[in-house]
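This report describes one structure for a first-year reader. The sequence and the structure are displayed first.

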Amino acid sequence: MLEEASLLEAFKSDEPSQALSVLFERYADPIYRLALGLLRDPQAAEDIVQETFLAALVHRHQFEGRSKIGTWLYRIAYNASRDRIRKKKEELLPNEEIEDDDPNPMPMPKQLIAWNWSPEALVTDEEAKQELQKAIQSLPSSLKAVFLLRDVEELSTEETAEALGISPGAVKVRLHRARLALRERLSSYFAERISGAN
Amino acid sequence: MTCEEVVNILSDYIENCLDEALTIEVRAHLETCPRCHILLDTTEKMIAFCRKCSKQTIPSEHRQRILSQLQEELEQRQKLL
């Protein structure tokens, strides 16, 4: 596997074709998942992948390498996705702003029932998987982006902060809110499932 | 330590980001509080479930098409230089 520094050097050279293929292989799917999570549209998510790598090619000489290449690519993809969300919202709801941090205190969990299923068993449970996707989609965009990068793509707090252009503290708060919200929603679903089975 | 305090720092506890003294306090609370124990267990299961189920990929034929278009675009740009 090409090291980060060699990969960046190759990508910034006059012959970046091979480096482009390596970067695409490494980051196309994670970028697709981020865009798909934010836009809920597979075609739009594929467009974001293409736009991201094209923008990276065009602007590669301006990238100074202060962050990882992957973090830079996530940032391009996130900004492109946000632009699309913003345009869509302008069409539908002219005055609605993109969600920002909720100033309210952390919500206390209400649904506290044990989950009798392991994550491994849930992977084969189509209904639970659908519920999980609905729960992720129901998150505000600002929480969803943090959750997808931190808990699905497993970026660090610092990498996520750089990719989204927010502080590490904001990443931590948003991640915690996202986790509590998802856990609550899935717990309600499992509680209904248990009561339906009895 | 109260349940509310545990809720507020649960993610830091999961990430092992708390200092040793706080970690011990949370652990002691979890041993005696079944509700917070469930909260921790279900949060960790939710994260693991998400990691396992949210790995969608670009359909392979679309993926190849996007990469080919990018390589073509690169070639065009290099010809112009």
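How far apart do the C-alpha centres of domain 1 of chain A and domain 2 of chain A lie? They lie 23 Å apart.

**Basis of the report**

This is a predicted model, in which local features need pLDDT of at least 70 and side-chain atom pairs count only at pLDDT 80 or more, while totals for chains, interfaces and linings use all residues. Residues are numbered from 1 along each chain as its sequence is written, and chains are lettered from A and ligands numbered from 1 in the order in which they are written.

**Domains of chain A**

Chain A comprises domain 1 (4-92) and domain 2 (119-197), with bounds from an automatic or database domain assignment. Contact (C-beta atoms, placed from the backbone, within 7 Å) joins 13 residues of domain 1 of chain A to 14 residues of domain 2 of chain A.

**Helix 6 of chain A**

Helices are DSSP runs (H or I, at least four residues), numbered from the N terminus. In helix 6 of chain A, the buried residues (20 or more other C-beta atoms within 10 Å of the residue's own, all placed from the backbone) include Ala128(A), Leu132(A), Ala135(A) and Ile136(A). These cover an arc of only 95° around the axis, which puts them on the same side of helix 6 of chain A; the arc is that of the directions from the helix axis to the C-beta atoms.

The face turned away from this buried side carries exposed residues (12 or fewer such atoms), among them Glu126(A) and Lys134(A).

**Chain B**

Chain B has 4 helices and 0 strands, a strand being a DSSP run of E of at least two residues. Buried residues make up 20% of its 81 residues.

Technical notes: Two residues are in contact if their C-beta atoms, placed from the backbone, lie within 7 Å.
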